[in-house]
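Reader: I am new to this structure. Could you show me how to read it, one feature at a time?

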Number of protein chains: 2
Amino acid sequence: MDVWQAMQERRSCRSFRPDPVDPKALERILEAGTWAPSPLNTQPWQFVVVTSPEVREAVFQEAERCRAWAREESGWEWLDKYRVDFLRQAPVLVVVIGDPRKTGVDRFQKEGNVAYQHACAAAIQNMLLAAHAMGLGGLWFTLFDRANLRGILEVEKERMPVGIVCLGHPEKAPRPIPRKAASEKTRTIG
Amino acid sequence: MDVWQAMQERRSCRSFRPDPVDPKALERILEAGTWAPSPLNTQPWQFVVVTSPEVREAVFQEAERCRAWAREESGWEWLDKYRVDFLRQAPVLVVVIGDPRKTGVDRFQKEGNVAYQHACAAAIQNMLLAAHAMGLGGLWFTLFDRANLRGILEVEKERMPVGIVCLGHPEKAPRPIPRKAASEKTRTIG
């Protein structure tokens, strides 16, 4: 698939068929993640691939708990009707874990120690593009408490869960959400 | 260009020819950035396009200052010979600025208020892929003090500079840097 088409067509998929993801396709998606750039080429990502129904259920329950908590904290009413069933439906969850010990020069900076997360985000974007290019749906999901997710996945406390990539065959085509024009987002110093 | 080819071939370019970037190409690169996903579709990015030689020089000087500072802080000897002349050479710098007020539910979390930066990182990755697809070189650069960069670019203090994308025609093809295999980076909970 053309790179422009992949970038423009990729959308967050929130409804999946139960059919499994072909292991070769999953392999290519993970490989796409590894091609992301990273500070000092530290490749600070780890991919935890969750297919176990029990563990996906635990992630779902954590998201539900986090949703209720966020509803209280935020007062945002839309969270009442926000369903996270796609965490149960998607046959594969790829949890992207970052390693803060593999960041760049920003480790010494006041607002720093975050470049390793940026690299993980670039890896997630690559994975979403790769999934779309193979006709799979993907969703970048972050509604979880990091400490709780570490517990569920047995991740050491030094590492940082950056996002969950839900993967599977789309039940229906995701709704295309519009974007503001680049010109509205751009200021030029010429 | 095929999306796989773009992801696999894209490399950090650190040497640019002085030829300007075609405005249409730059427009497409910025548009590619806007196609990134973001929390609650907040599109928390702003793109500051710097073509002014004076302002590029100021960014270069800030990077040199930051390099000397980082050399002291880190004790990393490689910083002695790390040249940042590409900041002067590259005809276009796109500084990607994030808006912390446009993050997701993570604004309420202890280790949060960072999802807007992840979205900016995804936008940067899209821009780098787009640049490569058009035969341009790109570099994701972060050696700057955020407060100083805000000053140079007249960015309000509430906003967060996430990265500088250096763009131009490559002087020579970047060296392909290898990656660890995805299998080495993956743990499966099946």
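Author: Start with the sheet. This is a predicted model, and in it 5 strands form an open sheet with mixed pairing. The order is β3(A)-β4(A)-β2(A)-β1(A)-β5(B).

Reader: Which strands stand at the edges of the sheet, and why is one side of each left without a neighbour?

Author: Look for strands with a single partner. Here they are β3 (137–141) of chain A and β5 (186–189) of chain B; each has a single partner strand, so one side of each has no neighbour in the sheet. From one strand to the next, the twist averages 20 degrees.

Reader: In which sense do β1 of chain A and β5(B) pair?

Author: Read the directions of the two strands, then the bridges. Strand β1 (residues 45–50) of chain A pairs with β5(B) in the parallel sense, over 4 bridges. Take one residue: A:Val48 has B:Arg187 in β5(B) as its bridge partner.

Reader: Which strands does helix α2 of chain A lie across?

Author: Ask what a helix touches, then how it runs. Helix α2 (residues 23–34) of chain A lies across β1, β2 (92–98) and β4 (160–168) of chain A, and also β5 of chain B. Its direction is at about 160 degrees to β1(A). Helix α5 (residues 115–133) of chain A packs on the sheet too, touching β1, β2, β3 and β4 of chain A. The direction of α5 makes about 0 degrees with that of β4(A).

Reader: Now the interface. How many residues does the contact take from each chain?

Author: Count each side separately. Chain B gives 64 residues and chain A gives 64 residues. On the side of chain B that touches chain A, the elements giving two or more residues include α1 (3–9), α3 (53–74) and α6 (146–153) of chain B. α5(B) gives the most to that side, with 10 residues.

Reader: How do the residues on that side of chain B divide by type?

Author: Sort them into three groups. The side of chain B that touches chain A has 33 nonpolar, 20 polar and 11 charged residues.

Reader: What turn lays chain B on chain A?

Author: Superpose the copies and read the turn and the shift. A turn of 180 degrees, with a shift of 0.0 Å along the axis, lays chain B on chain A with an RMSD of 0.0 Å. That is the relation of a two-fold axis. The same surface serves both copies, as 100% of the contact residues of chain B recur in chain A.

Reader: What confidence does the predictor give?

Author: Check the complex, then the chain. The complex has an ipTM of 0.98 and a pTM of 0.98. Chain A has a mean pLDDT of 97, with 100% of its residues at 70 or more.

Notes. Residues numbered from 1 in each chain as written. Chains lettered and ligands numbered in written order. Predicted model: local features only at pLDDT ≥ 70, side-chain atom pairs only at ≥ 80, totals over all residues. pLDDT = per-residue confidence, 0-100. Pairing = 2+ DSSP bridges. Axes fitted to C-alpha atoms, helices over the stretch in contact; angles between N-to-C directions. Contact = placed C-beta atoms within 7 Å. Nonpolar A, V, L, I, M, F, W, Y, C, P; charged D, E, K, R; others polar. Least-squares fit on C-alpha atoms with pLDDT ≥ 70 in both.
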